[in-house]
Amino acid sequence: MTDLDAVCAELKLEDEKAIVAAVSGGSDSIALLILLHDYLNKLEATQTVPQLVAVTVDHDLRAESAAEAQFVAQFCAQRNIRHIIKVWKAEKPSTGISAAARAMRYHLLMEAAREAGASMIFTGHSQDDQVETYIMRQSRQKNASGEGANDFRGLAGMAVFTLLAREFLLVRPLLNARREALRDGLRGRNIQWIDDPTNLDTHYERPRIRQTRKEEEHQSYLTLIDQAVAKRTDINQQVADYWDANAQLAKLVAPDIVLLDTALLAAMPQEAASLFIGFVLAHIGGKNHLLRFEDRDFICQTLSASQLSQKRMNYAGCVIEAGLKHHRIWREHRNLPVVSVAQKSKILWDQRYYIQNNSDEAIEVRPVARDDFHGFCLNNDLNRHDFFQPAVFSCPGIYKKNQLCGLPALGFQCAEMNDISVSKHYALLDNVLTGHDFILASRFYQHFGGGELNPVANICRKFHKNRL
Ligand SMILES: Nc1ncnc2c1ncn2[C@@H]1O[C@H](COP(=O)(O)OP(=O)(O)OP(=O)(O)O)[C@@H](O)[C@H]1O
């Protein structure tokens, strides 16, 4: 038995044109495909159903990968299921191949989903995958004195729902199913799958864990995961509640400048304050990960000390200026990129801003030089504006032929900027947003302006809270 039917029932699939099943050809994803197929067939008797589209990513890292993709293609053809193969064609990196392959896999799955008109991508992660993930993260913590140590958040494992690129819902309906039970189900129906040889290669961490972990410990790992989920949810909720009740104490006073009333951090329980400061720093510094636990704790302790010995600290690409009434946080003016953007193209600048150049000439995006800025003010009568210097020098300056023609993040632009648009990117939330953090993220978008579209809020509305 799996949760697949219950998870799907929550998703209002009748509104979807298509759904994607990510199928490697291994037992779990073949089981996923079959169960989704069964579910949709049943549902079809009473309502319209989306097209089921299986997608296989050929990472092109092993000689057999193309044949494996063909195996899935044939499997789908026999069942009249649409199948797409996406091949990772580009040159492969020499190190960090597993992480690069995972990132590329999700990139290609999203590409296929976009082509198919699907907004949901289902994967076959099982309860065994979940426990293995827990063990890997736990062992990293044990070995880590720095990054990862004490990070109970990671121990919550994978969530049933995750938002990818604020565009796709990643659904893992088999997270409560045992791999062997899924295989028994396939055997019972005489269905074959592929055994990927890398799953047995003990040079890799996951296969090592797969082979050495003890079945009798499985249940206790599930309990530990549940505890980590409960703790993560609880602390997220604490931050959300304090923030809701005290929204005026944490203000985005200009793009990428936050003013924190000292009372806010002082009022929050320690772990909530540490998490909150981590979210704010990632937002201002353009980071897609939280600052490590120890550093966040140190910052909170320093900021709440009654005698402020340290006035300024630099962390996560931010300057934190401690004050007796307010603390001020802004993007430090170091390591800001200088990027040329070709005509009709788009880039992500400093992990904070998307710059879309629809004009017919290349532009350069870089931090504004002081002299350029003064000239720009004089030419554009901007002197009367009272804005914050730190924001000016850390936001993207748009240059055409070496002339500053706009600071769109601050709302200043000349006519030359008409074909150039700039939008905010929240690196920590916008790439991969696990369901464990939906509630906190929705507050973040709400209080710090997450743009017009707020898919997180929609998803919170769409699903029952207890499934997040
Ligand atoms: N090459 C791939 N193409 C499409 N989806 C994939 C691919 N590799 C993994 N996935 C998806 O991610 C899930 C988890 O990946 P993982 O690496 O644990 O799977 P696997 O061992 O390759 O195969 P399986 O989970 O099917 O037994 C899979 O169940 C599948 O949904």
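**Entry 1: helices 2 and 6**

I began with a pair of helices and noted that helix 2 passes helix 6 in a left-handed crossing. The model I am reading is a predicted one. I then looked up how the two helices are placed: the axes of helix 2 and helix 6, the latter formed by residues 179–188, come within 9 Å and cross at roughly 60 degrees. Helix 2 is therefore oblique to helix 6. I recorded both values, since two packed helices are described by the angle between their axes and the distance between the axes.

**Entry 2: the ligand**

I next asked which elements supply at least two residues each to the shell around the ligand. They include helix 2 (27–43) and strand 2 (51–58). I counted 17 residues around the ligand, of which Ala22, Gly26, Asp28, Ser29 and Gly124 come nearest. By character, the shell holds 9 polar, 4 nonpolar and 4 charged residues.

**Entry 3: from strand 2 to strand 3**

I followed strand 2 away from the ligand. Strand 2 pairs with strand 3 (residues 82–87) in the parallel sense, and the pairing runs over 6 bridges. One residue of this pairing that I looked up is Ala54, whose bridge partner in strand 3 is His83. I also noted that strand 2, helix 3 (residues 65–78) and strand 3 make a β-α-β unit, and that this unit is right-handed.

**Entry 4: strands 7, 8 and 11**

How many residues lie between strand 7 and strand 8 in their hairpin? I found 2 residues there, and Asp256 in the turn has a positive phi of about 65 degrees. Strand 7 (residues 250–254) and strand 8 (residues 257–261) run antiparallel and are joined by 4 bridges. Within this pairing, Leu252 has Val258 of strand 8 as its bridge partner.

I then turned to the pairing of strand 8 with strand 11 (residues 326–331), which is antiparallel and runs over 5 bridges. Val258 appears here again: its bridge partner in strand 11 is Ile329.

**Entry 5: the sheet of strands 12 to 18**

My last search concerned an open sheet of 5 strands with antiparallel pairing, in the order 12-15-16-17-18. Which strands are the edge strands? They are strand 12 (339–341) and strand 18 (412–413), each of which pairs on one side only. I examined the edge at strand 12 and found that strand 12 pairs with strand 15 (residues 363–366) in the antiparallel sense over 3 bridges. In this pairing, Val339 stands opposite Val365 in strand 15.

Conventions: Residues numbered from 1 in each chain as written. Predicted model: local features only at pLDDT ≥ 70, side-chain atom pairs only at ≥ 80, totals over all residues. Pairing = 2+ DSSP bridges. Near = placed C-beta within 6 Å. Nonpolar A, V, L, I, M, F, W, Y, C, P; charged D, E, K, R; others polar. Right-handed = clockwise from strand over helix to strand, strands pointing away. Axes fitted to C-alpha atoms, helices over the stretch in contact; angles between N-to-C directions. Parallel < 35°, antiparallel > 145°, perpendicular 65-115°, else oblique. Left-handed = near helix turned anticlockwise from the far one by under 90°.
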